[in-house]
Amino acid sequence: VGRPHHTLLRPPPWRSCPGLCSRPAAQRPRVSAPRRRTGLGRAPSTPLLPSAACKLLSEEIRDIRRADLGETRQEDSSENSDSHLQLPAASRSPPAQLQRDEDKTPVDTHNTSAKDVPFQAGDLILAEFRRKTYMEFKHMRNLTAVGKLNSNWGAISHLEIIGKLPGQMFRTSSGFQFLIRRPALEDYVLLMKRGPTISYPKDINAMLMMMDINQGDTVVETGTGSGGMSLFLSRAVGPRGRVISYEIRKDHHAVAKKNYRRWRDAWGIGHAEEWPDNVDFINKDILTAAEDMKSITFDAVALDMLNPQITLPVVYPNLKQGGVCAVYLANRITF
Ligand SMILES: C[S@@+](CC[C@H](N)C(=O)[O-])C[C@H]1O[C@@H](n2cnc3c(N)ncnc32)[C@H](O)[C@@H]1O
């Protein structure tokens, strides 16, 4: 996260140093033709580590490395009836696909993520400026065709950002380098508009684990507050699941719904799938909700409110056997 784009495009370390950085054999790409970097003109099975460097390896590592390379050769020869050393010159060239993969950074067209999708108007961006380890500036906003990101370190027009891939450095009008990326859910929850104090993402994640929430689960939450926990619950239960979130205060209920909508809308821009619309925000005192709950059972209950114990007689009867009720208190999480 947050690394400049060019760093992300560097080939993985095991490419240049198989003996030191090789992945387990099962994970290594299987190739049916001899491995060859046409651009560098290497012979098919020439070790990529320089021989001087090889001498620095311990005997044990060299044994592992030899065995590793031997295993690859065996696999290759089992897939070709002829040994690759005996293949005619024409057959020794790797297939077009392999050449491309070896020479360029692989592009997996089946696994396009938001990181491959350029910024568009409406997208949420997170701009960060660090000096050494200190974060001087961190700002989240939606991109618009006419907007400008202003800061004490200069401005960047939104038009300069639109059309570029996330995770790059952008130069401000004063010459400072800002990293601009799409915010993770954690960033969003920490920076979104707040009504009451949110449950903190690191604590929410601990609660999700305690409750053992899975895709398809039904979870009751009280109170909704600013909707921070609701967003994490929404992701955890997924499109087949459901979150029922009660909030006694109208203003908090409205803030939470707005925060949820803003995240969903921005998500839809950078992702192929929509964020699930799986949270029922209910503006009601949980203590008066016993009747509503009679028709449903839940897999878990998450409580973040004052005096959470008063809620138990309402939620407990419909909590599935083995279901967990996690309670977020000011100084600890308990369940
Ligand atoms: C600390 S906030 C919850 C923050 C939320 N977990 C988040 O991440 O944004 C507590 C909320 O509980 C609400 N609340 C308190 N008593 C309630 C009740 N009996 N029924 C429903 N909501 C209640 C409050 O109005 C307040 O908005």
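**Figure 1. G238 follows helix α10 with a positive phi.** This close-up belongs to a predicted model. Phi of G238 is about 70 degrees, just after α10. The helix itself covers residues 228-237. Of its 10 residues, 9 are buried, so α10 is largely enclosed by the rest of the structure. The buried set is G228, M229, S230, L231, F232, L233, S234, A236 and V237.

**Figure 2. The shell around the ligand holds 22 residues.** G223, G225, G228, I248 and D304 are the closest. Two elements each give two or more residues to this shell: α10 (228-237) and β8 (242-247). By class, the shell has 9 nonpolar, 9 polar and 4 charged residues. One of the closest residues, G228, is also among the buried residues of α10. G223, also one of the closest, sits in the loop between β7 (218-222) and α10.

**Figure 3. The peptide bond between T222 and G223 is cis.** Its omega is about -20 degrees. Most peptide bonds are trans. G223 belongs to the loop that runs between β7 and α10. G223 is also one of the residues closest to the ligand.

**Figure 4. Strand β10 pairs with β7 and with β11.** The β7 and β10 strands run parallel and share 4 bridges. On the other pairing, 5 bridges join β10 to β11 (residues 319-328), again in the parallel sense. A300 of β10 takes part in both pairings. V219 stands opposite A300, and in β11 the bridge partner of A300 is V324. How many of the residues of β10 are buried? The count is 6 of 6, so the strand is largely enclosed by the rest of the structure.

**Figure 5. F298 is a buried residue of strand β10.** F298 lies in β10. It has 20 C-beta neighbours inside 10 Å. The cut-off for a buried residue is 20 or more, so F298 counts as buried. Beyond four places in sequence, F298 is in contact with T218, V219 and V220. Its other contacts of this kind are N318, L319, K320 and G323. F298 and L319 are 21 residues apart along the chain, yet their C-alpha atoms are separated by 5.0 Å.

**Figure 6. D212 and N307 have positive phi values without being glycines.** Most residues other than glycine have a negative phi. Phi of D212 is near 50 degrees. D212 is placed in the loop between α9 (201-211) and β7. Is D212 partly exposed or buried? It has 14 C-beta neighbours inside 10 Å, so D212 counts as partly exposed. N307 has a phi of about 50 degrees. Its loop runs between β10 (298-303) and α13 (312-315). N307 is exposed, with 7 other C-beta atoms within 10 Å.

**Figure 7. Helix α11 spans residues 250-270.** Its 21 residues, at 1.5 Å a residue, should span 30 Å. The end C-alpha atoms are 31 Å apart, which agrees. Buried residues of α11 are H252, H253, V255, A256, N259, Y260, W263 and A266. Which elements do these buried residues pack against? The strands are β1 (124-131), β2 (134-142), β8 and β9 (279-283). The helices are α8 (185-191) and α10. Two of these partners, α10 and β8, also give two or more residues to the shell around the ligand.

**Figure 8. The protein chain has 13 helices and 12 strands.** The chain has 335 residues, and buried residues make up 26% of them. Among contacts with a separation of 6 or more, 63% come from residues 24 or more positions apart. Mean pLDDT is 79, and 68% of the residues reach 70 or more. Over residues 1-48, pLDDT stays under 50. The model has 60 contacts beyond four places in sequence for this stretch. For residues 73-105, pLDDT is also below 50. Beyond near neighbours in sequence, the 73-105 stretch has 29 contacts in the model.

Key: Residues are numbered from 1 along each chain as its sequence is written. This is a predicted model: local features need pLDDT of at least 70, side-chain atom pairs count only at pLDDT 80 or more; totals for chains, interfaces and linings use all residues. A residue is near a molecule or strand if its C-beta atom, placed from the backbone, lies within 6 Å of it. Ala, Val, Leu, Ile, Met, Phe, Trp, Tyr, Cys and Pro count as nonpolar, Asp, Glu, Lys and Arg as charged, and the others, Gly among them, as polar. A residue is buried if 20 or more other C-beta atoms lie within 10 Å of its own, exposed if 12 or fewer, and partly exposed in between; C-beta atoms are placed from the backbone. The expected span of a helix is 1.5 Å times one less than its number of residues. Two residues are in contact if their C-beta atoms, placed from the backbone, lie within 7 Å. Two strands pair if DSSP finds at least two bridges between them. pLDDT is the predictor's confidence in each residue, from 0 to 100.
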